[in-house]
Amino acid sequence: MTLLKANCPSCAGPIEFTAGATVVVVCPFCRSAVARTDRGYEDLGKVSEVADSRSPLRLGLKGNFKGNRFELTGRAQLRHDMGGFWDEWYATFSNGWVGWLAEAQGKFYLTFYQPMPDGATVPAFDRLELGSVVSEIPNETPLIVIEKGTATPVAADGEIPYRLSPNEQSKYADLSGANNAFGTIDYSTDPPWVFVGQQVTLAEIGLKSAEPATRESRRTTAGVMSCPNCAGPLTLAVPDRTERVTCPNCDSLLEVNRGNLKYLRTLAPPADEPNFAITIGSEGTFKDGTRFKVIGAMVRSVTIEGTKYFWHEYLLYEPSIGFRWLVHSDDHWNFVEPINAADVLASENILGAKSARYNGRKFRIFQDASAIVEYVKGEFYWRVEQGETVRAVDYIAAPLMLSQETSPSEINWSVGVYQSHAVIENAFGLKSLPRPSSVAPNQPFGGSFYYTWGLLPIMALFGFGILLLPFTGLKRTVYTDTITIPPTATDAAPQVVFSKPFELGARRNVRITASAPVSNSAADLDVDLVNDQNDEVESVVIPVSYYEGVEGGETWTEGDRTTDRTLSSLPGGQYTLRAEATVEGTQAPLPITITVDQSVNRGVNFFIALLVLAIVPIINVFRKFTFESRRWSESMFGSSGDSGDDE
Amino acid sequence: MFKKLYLVFGMVVILTYSAASWFGWEAANAGSRSRLGVPFIYTGYRGGK
């Protein structure tokens, strides 16, 4: 439905304003941006044709958001001051709304104009701090500043709902909130305009059908070009997103600008030529079946206490997922993916916080340093530079590492998952990757099983101990008597006494207790349990001695008037006890009480079993302690303690 | 692999403990070796005592 027909003030070609919210129409004949004003039509200048960004969207596409139908009626391409372009699509809704659908790096953000409450205004651009919450904006979840920059509209098409002036720079800030909330502050107007919405998928806005064919086609899309420096062949794996590429022939760093290559400089390789473990161009399949292609690699470093530490990062790409990273440091590997900054919670200002929470887990700060790009190879989706420096803060909760990288214009969060050698070797078909000799910041401790689930046998032991108690641990006295050892002429002459026969049960241990009123004297009892049926004998020696005295004004005692000895079970049946006593230190008759008990619960077996079962857990607790000590010895915030890791 | 071995080892220890409890075996006992087959005639020999 055409609301307004007019002629282009530049070329007089017919133009149409089909939506009430349209402010600017791009003349399809002469590419002039024509604005309608209260005085007529104004030519704002020529805009370029939009470059093919391989977006799945196109003008005229109809979608649906939360039950409201819309049509994509306009599009602008804006250039980021750090390099790169992004698309903004303008969705005209049937109910009169206008939505801004931004598309950047394969993600989509649908936002709407958000009027500010009376008297409220957002902070000025220069006062806006990365990582801070813009509390003035009414929204369900706090919105955090994640990026500040300058945008320049360079191309447009269709109808634009604001006054788009070609090549006129304006400042903006991107905001992020929990649950995929997203916002933008546009400082091109005074007061600034605020747009609030959320990250969406094409399916959520009724444009799912626009996605698959285009996305799939990207898998096979690769641009073959010539290096402007050496004319050598150069292949771009992701030509629609690549901003920088290095020439494999002459090591030049090239800028990729809308399909054109521009020579920037020849890279100076570091003193030690980096030996990348994974070749650029190789592909790796991970556990979930996702196949990533390595399109770039870089050497980065941090300097801590005068020592430079290097590591390698590989840029991975998969068309339907986007970019991921594989980080190789000290022969440890991490798979890294970006996360929403608003999903990270910190107890204080997010910049420099000592701990952070993500996905319900607490992460402890491990390192806070400036990370520098030393060398690059391959292609990259941003304007990477040798010497590019960001503040990198790492938080750990093994096997995860939360990383915050802050530049003057943006703040990025990512989460890395520790990968074993086997995973990397299997993924890329490599063999014999070097094994690490150190403990990585987020390396999980491999032995925690033994003091967690590995405690199950100990728990079972307690269970069995309790269950068996009624059968084996209820003491029963089978014989007790007092025998009197007659006095002897000499201490050494043994006296022999026999008991009356008594019954011993089978499968029960036997405890023989001897008790005698010795005082500064001793009686050694050689006790034989004689099986009356077959004359088998089990012997045990029971010494009973008790000495006391005073030495240096202090009393002392030694020995015990009651002593017992325990035997394993004997065959059941009738037994006679033979006691042979050797008494020292007394010439008087010595009464000795002998008691035979069975089913005595000594707990020796239990404690031996417990000790045997506890050896492995105890060893692993000790290993864990040393493991954590080694981990934290590498930290700028070294402290002992658990990293909360899981295997 | 080692985890499974450890659990198997743990089960063996528990079974051994249970068997010892059931049969009245004492892991640390003071008895002599049973002198099977020796009739009860005290010879005075006490293993070198």
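**A tour of chain A, beginning at helix H2**

Select A:Gly429 to begin, which sits just after H2(A) and takes a positive phi of about 65°; helices (H or I, at least four residues) and strands (E, at least two) are DSSP runs, numbered from the N terminus. This is a predicted model, in which local features need pLDDT of at least 70 and side-chain atom pairs count only at pLDDT 80 or more, while totals for chains, interfaces and linings use all residues. Residues are numbered from 1 along each chain as its sequence is written, chains are lettered from A and ligands numbered from 1 in the order in which they are written, and side-chain values use heavy atoms, with hydrogens and water left out.

Next, select the helix itself. H2(A) is mostly covered, six of its eight residues being buried, where buried means under 20% relative accessible area, exposed over 50%, and partly exposed in between (1.4 Å probe, protein chains only). The buried residues are A:His421, A:Val423, A:Ile424, A:Glu425, A:Ala427 and A:Phe428. Among the elements that cover them are strand E21 (291–304), strand E22 (307–318) and E30 of chain A, by contact, meaning heavy atoms within 4.5 Å.

Step back to A:Ser420, in the loop between strand E30 (411–419) and helix H2 (421–428). A:Ser420 is partly exposed, at a relative accessible area of 34%, and its C-alpha is 9.9 Å from that of A:Pro444, which is 24 residues away in sequence.

Now turn to the salt bridges, of which there are 21 over all chains; each is a side-chain nitrogen of Lys or Arg within 4 Å of a carboxyl oxygen of Asp or Glu. Select A:Asp597 and A:Arg511, whose side chains meet at 3.8 Å, N to O. Because A:Asp597 lies in strand E40 (residues 590–598) and A:Arg511 in strand E34 (residues 510–515), the pair ties together parts that are 86 residues apart in sequence. A:Asp597 is buried, with a relative accessible area of 3%, and A:Arg511 is buried too, at 19%.

Then select A:Glu385 and A:Arg265, a salt bridge in which the closest N and O atoms are 2.7 Å apart. A:Glu385 is in the loop between strand E27 (361–380) and strand E28 (389–397), and A:Arg265 is in strand E19 (residues 260–266), 120 residues apart. Both are partly exposed, A:Glu385 at 26% and A:Arg265 at 35%. To see the network to which they belong, add A:Arg244, A:Glu255 and A:Arg383, since salt bridges that share partners join these residues with A:Arg265 and A:Glu385.

For the last stop, look inside for cavities, each a set of points on a 1 Å grid over the protein atoms alone where a 1.4 Å probe fits but cannot get out. The structure holds five of 30 Å³ or more, and the largest has a volume of about 50 Å³, a volume being the space filled by probe spheres set on the points, which are joined across faces, edges and corners. Residues that line the largest cavity, with an atom within 4 Å of a point, include A:Ala19, A:Thr73, A:Tyr90, A:Glu159 and A:Pro161. Strand E8 (85–93) and strand E11 (144–160) are the elements that give two or more residues to this lining.

Key. On a 1 Å grid over the protein atoms alone, a cavity is a set of points where a 1.4 Å probe fits but cannot get out, and a pocket is an open set with protein on both sides within 12 Å along at least five of seven lines; lining residues have an atom within 4 Å of a point.
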